[in-house]
Amino acid sequence: MSTTVLPTYDDAVARYEPVIGLETHVELGTKTKMFCGCPTDFGAEPNTQVCPVCLALPGAMPVANRAGIEATIRIGLALNCDIATWCRMARKNYFYPDMPKNYQTSQYDEPLCTDGYVDVELDGETFRIEIERVHLEEDTGKTLHVGGATGRIHGATESLVDYNRAGIPLVEIVTKPVTGLGARAPEVARAYVAELRDIIRSLGVSDVRMEQGSLRCDVNTSLNKPGEEWGTRTEAKNVNSLRSVERAVRSEMIRQAGILDAGGRIHQETRHFQEDTGDTRPGRSKETATDYRYFPEPDLVPIAPDPAWVVELKAGLPERPSAKRARLREEWGISESDMQSVANAGAVELIEETIAAGATAAGARKWWMGELARRANETGVELSAVGATPAQVAQLQALVDEGKLNDKVARQVLEGVVAGEGDPAQVMAARGLEVVSDTGALQTAVDEAIAANPDIAAKIRDGKVAAAGALVGAVMKTTRGQADAKTVRELILARLS
Amino acid sequence: MSDLTRMTAAQLAGLIAGGEASAVEVATAHLDRIAAVDERVHAFLHVDREGALAAAADVDARRGRGEELGPLAGVPIAVKDVIATKGVPTTAASKILEGWRPPYDATIVERLRAAGTVMLGKTNMDEFAMGSSTEYSAYGPTNNPWDLGRIPGGSGGGSAASLAAYEAPLAIGTDTGGSIRQPGAVTGTVGAKPTYGGTSRYGLIAFSSSLDTPGPCARTVADTALLHAAIAGHDHRDSTSIPQPAPDVVAAARLGATGDLTGVKLGLVKEFSGEGAEAGVTAAFRESVEALVKLGAEVVEISCPHFEYALPAYYLIAPSEASSNLARFDGVRYGLRVGDDGSRSLEEVMSLTRDAGFGPEVKRRIMLGTYALSSGYYDAYYGQAQKVRTLITRDFTSAFEQVDVLISPTTPFVAFPFGSRTSDPYQMYLADLYTIPTNLYGGPAISVPCGLSEGLPVGLQIMAPTMADDRMYRVAAALESAVGTLTPPEL
């Protein structure tokens, strides 16, 4: 197989039609786990958020978390699904050390939500992705292999298990097979996951962070010749970024086309996406399907959502992110790609609230997408957790508009806000950063600068106005940046004209 | 003070409350009795002498402070080893949990502690409650106090034997297919399976989740009712627990003890009268029915046509659930681990651990259940069994439209000699023939001693509609008032 010559992507899509299917897992942001009262905080010390239930100690029993069921129904409704009036949890039986009960409490033939769709827009074209099912299950723990060179089980001397994640509610969203995408399949796959992420984020039920695994995607891909039956599919597991979703589909299409070109056949298998190379490597073979021996979970009573409750939840759904983006794009007067960046940064609501607090659209966007987004990136926190509130950002912008702060100093004020020193006005006062607007004091500084730089002053007098910049710089230095540069420049030119 | 061990729980509670005996004296008497006879009976897997005396001292202290004590305060109790007891070894009579001390109490144990009962220790049982003779305990069988060469019933043989041997006045059992009632019948004691969901399963090591029901065992109906009342009621930690007030079984038992059953309609299960049962069992049962009629009860023959399929349905459902419930015993987090010397793969370690940790009956049921749930066979076995379960439930529902309770012998035969049925699992399974339908339906049932056959106890079973536990206690107490309790031979 290694000798297979890979075709180009264009060649592959010229000869084959792709069918893709996506299974997306979303970790819900409930305060407690799905079947017990343990907290779900990310990054806690291993095995500190566990109890007899999520450790599956003998005799322990699950009790369903209503918040998890509600979140699942809201996701289903947002994806235009039908909500079951009666369904059950099931047990999916298999042995794995990070799964405490050696069965996963999940749903099988009775999912909570079925038959929905998501419309995905790509360059003005709309692709409808049909949703097969949305069901609720629990996450497993995590295994850590130590003592080996690679961190993998091979060569490890010990395997450690952290059960903090075990039992966190997980929603699985499964698409129906998507056909007819042709060469656009990789992009549509990516756009679908992005849209899904935005929808779920708008519901407030998960922080949907792919890099932390709260949104994980398995990508199924198969190729067939036009007019022929669907080919054998492979499944790329745990693809952890939007970019990787696109790359995984693309590279798998090329790999499969190469095998089919050479007259080979595709093996149904699980493959692991490689972030470094962008291709997939074989994992577990699925030639013989695992028998999970599903059966209805006898420890939990059936779930029968009151139809009135479902109607209420539906009425309470937020505006669809794509519609909201279109509306806000219009209101803010920005491009689709700028809007996409805002959405990707999770800044839509923050900017909206900042505008509501009195800032202009441009002002609000500038701070959130500039200084604050940079800080969030550097410190690895969500923008909403960066340390500044929409009200504070609006106040900062107002101070700039009033001329009390210049842009540069406003950044220092923001730094103080983020550091928890108080509101912008308080930080400004405490750090003594208010713009020097006393023209008498400024005039003195200007005169000193002219006196100290006779050569430059001479140039300006000769009409070389551009040289004024150096004197502005000197004044700014003596005023510790707190002067309004434009005013300083005007004063210099007036003195030397 | 050795006569303290011959008293009922109600009498003991009265003595303690009245200051005529201290809880420590009562506990000591029972602990001494255990020390004297349990070598021969082997009802206990673990005796918690220290814990018992501390709990008893606490009751005495509370009494000393003038605190009001509950109706079972200071009364000793034995708890089946399948129920989690904080800090006290809990093994489900399996090697795979040898030495495991749970970090938490089962809900019913919490309630027993709150009621002031004094836990003496953990009783022997068939491994993971799978069996009908307590011969499948990994720690050796329990001997029936009526005849030490015979089985004490199963799986709660230890609990029943502890009562018959006067080692404890009260015991907790669990009933998945008859494991409280059948041992009760063959040891001449009383055992009740409450309505499924009427007692919490939280902390009960699961065998078959949709069938398992913890329940009370005692030597008298009144004591059984007192214990029943102490453990029953809704538990938010058990999703299948019924969120309703528990029926007043204590008042019902008192009412029954007056011996008047006028206006009560008893249904005689046609399918369970005669065929397959030992003649002595049938005779004792018939005499008891006559006694009930003398108390004013009306007896009607009722046909429950699907009961004959209960046994096969049970032996698909229970092992299926067990195969899944027992999957957690893999040597990863607690209990036994075998083969972990660095030379073997994870799968091999799990496999070796389970092979060494589970006994033959448990393995048999895991394999049976795994097979019944596997794709391709699910519909033919598990799915079909669930349909039978529905039909049996309908049999009960329609029967209870005609009568108040159903009655039958508890078991088709008296205590059998050790080893006589272990070679043929099907013969063993027949021991629960009459008790299993109730588990599939979910209603309550009780076994009350109703006479002797060849010198060995026979039990009469009373089955009631779900959440009508009080109804069966009334009939049970009336029967007891007519036929009396049985006294086992001196050990």
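Helix α9 of chain A bends by about 40° at Leu372(A). Start there, keeping in mind that this is a predicted model.

**Stop 1: helix α9 of chain A**

Select residues 361-379 of chain A, which make up the 19 residues of α9(A). From first C-alpha to last, the helix reaches 26 Å, close to the 27 Å expected at 1.5 Å a residue. Leu372(A), where the bend falls, is also one of the buried residues of this helix. Show the side chains of the other buried positions: Ala361(A), Gly363(A), Ala364(A), Trp367(A), Trp368(A), Glu371(A), Ala373(A) and Ala376(A).

What covers these residues? Among the covering elements are four helices of chain A: α6 (321-332), α8 (348-356), α10 (390-401) and α11 (407-418). Colour each of them separately before moving along α9(A).

Towards the end of α9(A), pick Arg374(A) and Glu378(A). They form a salt bridge, with the closest N and O atoms 2.6 Å apart. Both residues belong to α9(A) and sit four residues apart, about one turn of the helix. An α-helix has 3.6 residues a turn, so residues three or four places apart point the same way. Glu378(A) is exposed, at 57% relative accessibility, while Arg374(A) is partly exposed, at 39%. Step just past the helix to Gly380(A), which takes a positive phi of about 70°.

**Stop 2: from α6 to α8 in chain A**

Return to two of the helices that help cover α9(A), namely α6(A) and α8(A). Select Arg327(A) and Glu352(A), whose side chains meet in a salt bridge at 3.9 Å, N to O. Arg327(A) lies in α6(A) and Glu352(A) in α8(A), so this pair ties together parts that are 25 residues apart in sequence. Both partners are partly exposed: Arg327(A) has 32% relative accessibility and Glu352(A) has 23%.

**Stop 3: a pair in chain B, and a network in chain A**

Switch to chain B and select Asp105(B) and Arg113(B). Their side chains form a salt bridge at 2.8 Å, N to O. Is each partner buried or partly exposed? Asp105(B) is buried, at 10% relative accessibility, whereas Arg113(B) is partly exposed, at 40%. Back in chain A, salt bridges with shared partners join Glu319(A), Lys324(A), Arg327(A), Glu331(A), Glu349(A) and Glu352(A) into one network. A search of the whole structure finds 58 salt bridges over all chains.

**Stop 4: two packed helices in chain B**

Select residues 310-325 of chain B for α10(B) and residues 360-373 for α12(B). These helices pack at an angle of about 100°, with their axes 7 Å apart. Angles from 65 to 115 degrees count as roughly perpendicular, and α10(B) and α12(B) are therefore roughly perpendicular to each other. On the α10(B) side, show Tyr314(B), Tyr315(B), Leu316(B), Pro319(B), Ser320(B) and Ser323(B), which make the contact. Their counterparts on α12(B) are Arg365(B), Ile366(B), Leu368(B), Gly369(B), Thr370(B), Ala372(B) and Leu373(B).

**Stop 5: chain A as a whole**

Zoom out to the full chain A, which has 16 helices and 14 strands. Its C-alpha trace spans about 90 × 55 × 55 Å along the principal axes. Of its 497 residues, 50% count as buried. Among contacts in chain A with a separation of 6 or more, 68% are between residues 24 or more positions apart.

Key: Residues are numbered from 1 along each chain as its sequence is written. Chains are lettered from A and ligands numbered from 1 in the order in which they are written. This is a predicted model: local features need pLDDT of at least 70, side-chain atom pairs count only at pLDDT 80 or more; totals for chains, interfaces and linings use all residues. Side-chain values use heavy atoms; hydrogens and water are left out. The expected span of a helix is 1.5 Å times one less than its number of residues. The bend at a residue is the angle between axes fitted to the seven residues ending there and the seven starting there. Buried means under 20% relative accessible area, exposed over 50%, partly exposed in between (1.4 Å probe, protein chains only). Contact means heavy atoms within 4.5 Å. A salt bridge is a side-chain nitrogen of Lys or Arg within 4 Å of a carboxyl oxygen of Asp or Glu. Axes are lines fitted to C-alpha atoms, for helices over the stretch in contact, and angles run from 0 to 180 degrees between N-to-C directions. Angles under 35 degrees count as roughly parallel, over 145 as roughly antiparallel, 65 to 115 as roughly perpendicular and the rest as oblique.
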